[in-house]
Each structure stands twice: as C-alpha cells, then as structure tokens.
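Here's a quick walk through a two-chain model, meant to be read with the viewer open. Grab a coffee and start with the helices.

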Amino acid sequence: MTLEVDVERRLGAFNIAARFVTEAGGITVLFGRSGAGKTSVVNMIAGLLRPERGRIALDGRVFYDSEHGIDLPAEHRRIGYVFQEDRLFPHQTVRRNLHYGRRFAPAGERRIEPDAVIELLGIGHLLGRRPRSLSTGEKQRVAIGRALIACPRLLLMDEPLASLDTARRGEILPYIERLRDELAMPVVYVSHAVEEVDRLADEVVVMSEGRAAAVGAVEDIMSRLDLRPLTGRYEAGAVIDCAVEDHDRRYGLTYLRFPGGRLTVPFVDLPQGAPVRVRIRARDVSVARLAPAEISILNVFKGRVVEIDGEAGPIVDLRLEVGAPPETAPLWARITARSVADLGLEPGAEVYALVKAVALDRRSLGLRQRARARD
Amino acid sequence: MGVLSPAETEALLLSLRVAFWSVLWSLPLGVFVAWLLARCSFPGKTLLDGVVHLPLVLPPVVVGYALLLLLGRRGPLGIWLEDWLGLTVAFTWRGAAVAAAVMAFPLMVRAVRLSLDAVDPRLEAAARTLGAGRLWVFATVTLPLTAPGILTGVILAYARSLGEFGATITFVSNIPGETRTLPLAIYTLTQVPGGEAGALRLAILSAVVALLALLASELLARRIKAGLGGP
C-alpha cells in the first residue's frame, strides 16, 4: 500500500504544508506534539477538510489533486475513520451502528466479515444496547468495529485512546494490533504518545508545525537525536524487534534474538520464533569501558558510542550501536556527564552496554504477529 | 357527536381538517427552510430569514390581505393555480389551510432550526466517512436526531393553525361549512344576540381539543426520547 500525501492549507495563523509518502502495509504513525497539524492532515486524507493545494493518493487512486481539479467527496473515498471521541450514533443500537457503512461497500470489496470483527473486538454482548449505556472503552471498540465493517481501503485513527484512562488504553491496544495482523488493514494512526509509537508503528511520520519533518521506519526515526526537539522530550529508549529464541523454564527466563545479540528477559509465554518488540529505556542501560566480570547483569553487549546528546546538563543520553557489524542494533544509555568525562567517551569509543533484565517488563513487550512487508 | 349540534360538529371537523393540511404542507417545507438556515450560507440568507419570520411580527390581517392580493381570484398566483391546477384557494377551506400554514410557518421553522443546531455536525462527518452521501446522512442521522424539535414544531404549528383568526377571515372570509373554523364560529356567535351560550360551548370545545393535542404530543415525545436512547 502506498499513501502519497502532499497538502497545503492555511488555518488561521497556522500553515499546513505536509508532504510524505509511506509504503506501510501495517501501521503508519503520524507522531508529533499537539498542535503539530496531525489531525488536520488526517482530516484532509479523509476528505473532511479541503487542502488549498496538493495531491492525495492511495495506491495510485487519486482522492485529491488541485492541479487536475479532483476532490473526491469523503463518502466516495472509502477511508475508515476512528475519531478521538467515539461519535457513535446515539439513536441507533450498537448493531445498527456497526452495520451503518456496510451497504456502501461494493459487494466485491466486502472482504471483512462483520462477525469476525465483532468477535475480534469482543463486542458481541453489546449488540442490542444503545451507545449511551456503554463504557468509554466499549464505545471506542464499537467505533473501531463500525469503521472496519464498512470495509475501508485504509483506516485512520486519530488518537483513539485519548479519551481513555490508562487501564482502558491497555484494553484497546491489543485490538488495534490484531486488526492490523488478522485483518491486514493498513492503518494511519495519529499519536503524541511515544509508547504508542513504540508499540504500534511500522512507519513513523514526525509532524512539526504543519510539516512532515521526517519519515521512516520506527527503529530509525525513534533513535535519531536530531528529531527529539520536534517530538518532545520523551523517555529516551530504543525500540528493538526480536524473535523468541529459547526459554529457560528453570529460572523463568526467555531468550530473544536481535541483531545486536541475545537478550535475556523474564519469561514470555510465546512459541519459539515468535516476533516480539522490546523497548529498552535509556535509564536501564549503563556502560563500561572494559568487559565486566562476575556481575549480576545478564545482558552485556559489546558496541560503540555513535552519538552523545550533551545538551541536557548533568545527565547525558548516549546513542550506542551494539553487535558485530553489519548486524547491529541501536541502544540508548542515560549516564551522568561526569561518567562521560571519567570514561573518556566520545563517538566511536568502544564500550560494553549493560542492560538489567528486570527492566524489560511485560508492558514493553509488544506482540508482532506479522512480519513487516517492506521493500 | 350527540353532544354537539350539527353546526358545532361542522366547525370542529373543519378546524381539524384545516389544521391537519396546514401542518402537513408546512412540515417538509419548514424542515427544508430550517436546514437551509441552519446549515447553509448563501446570498440572501438574511432576507429569507426575515421573510420567514414576517408573519410572526405582522398583524395577521396584513398577512391575510397579502394572501388575498397574491392568491385571490385575480392575484398572480391565484390565476396560475386556477389555470394550471384547477385549484381555487380564495374563499375555500384550502385557503384557510394556506392562511394557517403561513401564520404557523415561523414557529415550525424556529423549533426545527433550534433542534438542527443541536445536532453534532461531527456525527454527520462520521457518517460520511462510512460512505453515506449527504441525503442519506440527513435521512438517517440528522433527521432522527432532530425529531424532538420537529415534534415541537408540529405541535406549535398545529395549535397556531387551530387558533388562526385574523388572516383567515381576511383572506377567505367567514363561510359556514367552508371557512368557518372554531375561532370564526365563536366570533360569529358573539356578534349575534343570545349567542353567548353557544360561544361558551365552542370555547370549551376548543380547550378540550387543545388539551387532547398536548396530551398526545407528550406521549409521542416520550416515545421519541426513548428512541433516542433515553432522556
């Protein structure tokens, strides 16, 4: 799936001028602070906001093209949209809400079965009820189901977790992963939360002041120091795609294979070979100049310093590259400026990265069922 | 109808019929105009708004006279109706319905418009992303959510139509069995010696009809509220 977006529009004192192409078959996250223009861009893709100039196309199907005077109305684009608020029709039952858009999908393109969606989202027991009697989490699941049952070509999700509390978010996230993996639905997901990017994204478009500042694979984008002023100062860390290699049942451990080596984490109940995404926070990584001996830390990786982010004052974030080239993986370490001086660290310096196994809890493990298709 | 005299029955049925047709015709037009005013911007919108509200501020006699000029036998619209549709409006019960509809129209439009303003346009946008065209969105989302306002508009218009006097008597006169509705019948009785008792009977009858209409609308409103998912 190729999504081309090139849009310009003035909104009051704010200028949208975003341009990007994404090849995502999975989830593309539009990431940026609030006010970066993410929602406006998504509204333009959906056809709810008209750009002043530009072009929007999905797999060569043109939705908007100012040069050729093309502006397909929203109802003919067949792009699903899950909004920040649920926007369910209050006068209809959950069942009628869910089926609202289905009649408009051409018979040949109804590849998604309503029953499968209802089953996947776990909303079968809600069908006879009215939206007002549902909890916020249930409403949002119904809203996702309503968009899916219309069999869209692309699903837009604008911070669908924004109105939910932390517990409810954890409840919805697995469903979003499942719709990508089980229904093969391409998704453009708007978020300002780095945890959601880490967990869901295949591709990331970093938005800042109405522009697409960077586009790329999540591992590359989230480890770039230069983008951090745009994305906000979030908890620094590395996102690593791994596969389950083996289990150690006696000590309750799981070994994960990643390009930088073998990672030991608390037991994860997944079969061998299952893809897993791990986030390693910078503060859980220390560095040593010499190979450490007789220590409790299980994860020690040899690597080198790539970049030093010194602007933070007494605390410094190091970007490391671990593993033997060309098989390497990015890693972040947060240490004091004094340690940098004491160890004489500079870009290119050889170091050992020490990762505490206990730092990898279940929350940082995102399931990745489907291998990413990218060319 | 043993309680009522033939003349009273006639006036009652005529009033109900006039009010019924008045509301039936002004309802779709009223919803359309309310939608135009609530959701569209176009040149002349303020003018349309003014014209729609004119019957609310003009003396009813003036409205009746204007209708007579327009729709009378020699009025431009009257001739057209006569020639093309074979319809005579002036001095017939149809004319009474037209007069009632015009007088009740602003009430209908105001009620529907208020209700339309309260419908969240974001719901309509959501419906469009699901593939529904504008007309379908209007019929399946906007209209059902406007139902309480439409009901209010219908009740107000119906009550106004039942009570219409000034424009009716000016436009279609006071013809027994044709244009003599309840208010006109009461007025006639008060103008003849010894008619007070008859006038009182009709006044009570008017009150009963109004109460019944209110009761029915209350029941309907409850059902609509339940249909919209509770209060």
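Let's begin in chain B of this predicted model. Helix H1 of chain B covers residues 6-39, so to speak a 34-residue run, and reaches 49 Å from its first C-alpha to its last, close to the 50 Å expected at 1.5 Å a residue. H1(B) does bend, though: there's a change of about 35° at B:Leu27, and a proline, B:Pro28, follows within four residues.

What does the rest of chain B add in secondary structure? The tally for chain B is ten helices and zero strands, and reading along the sequence gives α-α-α-α-α-α-α-α-α-α. If you want a box for chain B, the C-alpha trace spans about 70 × 45 × 30 Å along its principal axes.

Now over to chain A, which is split into domain 1 (3-232) and domain 2 (238-367). The centres of domain 1 and domain 2 of chain A, taken over C-alpha atoms, are 33 Å apart. Eight residues from domain 1 and ten residues from domain 2 of chain A make up the contact. On the domain 1 side, helix H7 (194-200) and helix H8 (218-221) of chain A are the elements giving two or more residues. By class, that side of domain 1 has three nonpolar, one polar and four charged residues.

Next, the sheets of chain A. One is an open sheet of six strands in the order E7-E8-E9-E3-E10-E11, with mixed pairing. Its edges are strand E7 (79-82) and strand E11 (211-217) of chain A, each of which pairs on one side only. From one strand to the next, the twist averages 20°.

The other is an open sheet of five strands of chain A, ordered E2-E1-E4-E5-E6, and here the pairing is antiparallel. Strand E2 (14-22) and strand E6 (70-71) of chain A sit at the edges, each pairing on one side only. Helix H1 of chain A (residues 38-46) packs on this sheet and touches E1, E2 and strand E4 (53-58) of chain A; the direction of H1(A) makes about 115° with that of E1(A).

As a reminder, strands of a sheet pair through backbone hydrogen bonds, either parallel or antiparallel. Here are some strand pairs of chain A side by side.

| Strand pair | Sense | Bridges |
|---|---|---|
| E3(A) (27-31) and E9(A) (187-191) | parallel | five bridges |
| E10(A) (203-208) and E11(A) | antiparallel | six bridges |
| E1(A) (3-11) and E2(A) | antiparallel | nine bridges |

To find these pairs in the viewer, a few residues help. A:Leu30 stands opposite A:Val190 in E9(A). A:Glu203 has A:Ala217 in E11(A) as its bridge partner, and A:Glu8 is matched with A:Ala17 in E2(A). The hairpin of E10(A) and E11(A) has two residues between the strands, and A:Glu209 takes a positive phi near 50° there.

Finally, how do the chains meet? How many residues of each chain are in contact? On the chain A side there are 22 residues, and they are in contact with 18 residues of chain B. Helix H2 (74-77) and E7 of chain A are the elements that give two or more residues to the chain A side. E7(A) gives the most, with three residues. The chain A side divides into 13 nonpolar, three polar and six charged residues.

That puts E7(A) in two parts of the picture: E7(A) is an edge strand of the six-stranded sheet, and E7(A) also gives the most to the side of chain A that touches chain B.

Terms used
Residues are numbered from 1 along each chain as its sequence is written. Chains are lettered from A and ligands numbered from 1 in the order in which they are written. This is a predicted model: local features need pLDDT of at least 70, side-chain atom pairs count only at pLDDT 80 or more; totals for chains, interfaces and linings use all residues. Two strands pair if DSSP finds at least two bridges between them. Axes are lines fitted to C-alpha atoms, for helices over the stretch in contact, and angles run from 0 to 180 degrees between N-to-C directions. Two residues are in contact if their C-beta atoms, placed from the backbone, lie within 7 Å. Ala, Val, Leu, Ile, Met, Phe, Trp, Tyr, Cys and Pro count as nonpolar, Asp, Glu, Lys and Arg as charged, and the others, Gly among them, as polar. Domain bounds come from an automatic or database domain assignment. The expected span of a helix is 1.5 Å times one less than its number of residues. The bend at a residue is the angle between axes fitted to the seven residues ending there and the seven starting there.
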